[in-house]
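I am opening a notebook on a structure that is new to me, and I want to write down what I look up in the order in which I look at it.

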Amino acid sequence: MNFITIENQIGVTVAINPKQITSISMIQGTVVICLGSQEFVHTIFTDLEAAVDYVEHAYWDRKAHAKPIRWPPKPLHNAG
């Protein structure tokens with residue numbers, strides 16, 4: 001079982017099993033991750049695409065490298 005960490009709407013970091021995610025939705029301007037156990041994680045995300053990207057990358061990174069992912073990520077620097 002590979003957990004990923006994500007910050008919820010009140011700023012608390014929670015660990016979730018990404019294999020239990022059934023949907024990721026926008027509800028009243030914030031992103032909510034729905035788990036198969038009928039549990040809902042209200043996140044700090046306000047953009048659905050960014051949330052999905054984060055979960056996918058966090059899961060891939062946990063599976064491939066077994067290290068935690070922290071949000072927000074460090075900003076990318078342009079080489080130009």
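Before reading the fold, I fix my terms: helices are DSSP runs of H or I with at least four residues, strands are DSSP runs of E with at least two, and both are numbered from the N terminus. I also keep in mind that what I have here is a predicted model.

**Entry: the overall layout.** I looked up the secondary structure of the protein chain and found one helix and five strands, which follow one another along the sequence in the pattern β-β-β-β-β-α. The chain has 80 residues, of which 26% count as buried. I noted an exposed area of about 5,700 Å² for the protein chain, with carbon and sulfur atoms supplying 55% of it. Turning to contacts between residues at least 6 apart in sequence, I found that 32% of them join residues at least 24 apart.

**Entry: the sheet.** I then traced an open sheet of three strands, whose order is 3-4-5 and whose pairing is antiparallel. Its edge strands are strand 3, residues 21-27, and strand 5, residues 40-42, each of which pairs on one side only. Neighbouring strands of this sheet are turned by 20 degrees against each other on average, if direction is ignored. Looking at one pairing in detail, I counted six bridges between strand 3 and strand 4, the latter covering residues 30-35. In that pairing, Ile27 stands opposite Thr30 of strand 4.

**Entry: Thr30.** Is Thr30 buried or exposed? I call Thr30 buried because its relative accessible area is 13%, and the cut-off for buried is under 20%. I next listed what Thr30 touches, leaving aside its neighbours within four places in sequence, and the contacts are Gln9, Ser25, His42, Thr43 and Phe45.

**Entry: the nonpolar core.** Which residues have the most contacts inside the largest nonpolar core? They are Ile6, Ile16 and Ile33, in a core of 13 residues. Strand 1 (residues 4-7), strand 4 and helix 1 (residues 48-65) each supply at least two residues of this core, and helix 1 gives the largest share, with four residues.

**Entry: Ile33.** I followed Ile33 further, again without its neighbours within four places in sequence, and wrote down its contacts with Ile6, Ile16, Ile21, Ser23, Ile24, Glu39, Phe40, Val41, Thr43 and Val55. Two of the names on this list, Ile6 and Ile16, I had already met among the core residues with the most contacts.

Notes. Residues numbered from 1 in each chain as written. Predicted model: local features only at pLDDT ≥ 70, side-chain atom pairs only at ≥ 80, totals over all residues. Heavy atoms only, no water. Pairing = 2+ DSSP bridges. Axes fitted to C-alpha atoms, helices over the stretch in contact; angles between N-to-C directions. Buried < 20%, exposed > 50% of the residue type's maximum accessible area, 1.4 Å probe, protein only. Contact = heavy atoms within 4.5 Å. Areas by Shrake-Rupley, 256 points an atom, 1.4 Å probe, with all protein chains shown as cover. Core = buried A, V, L, I, M, F, W, Y, C linked by side-chain atoms within 4.5 Å.
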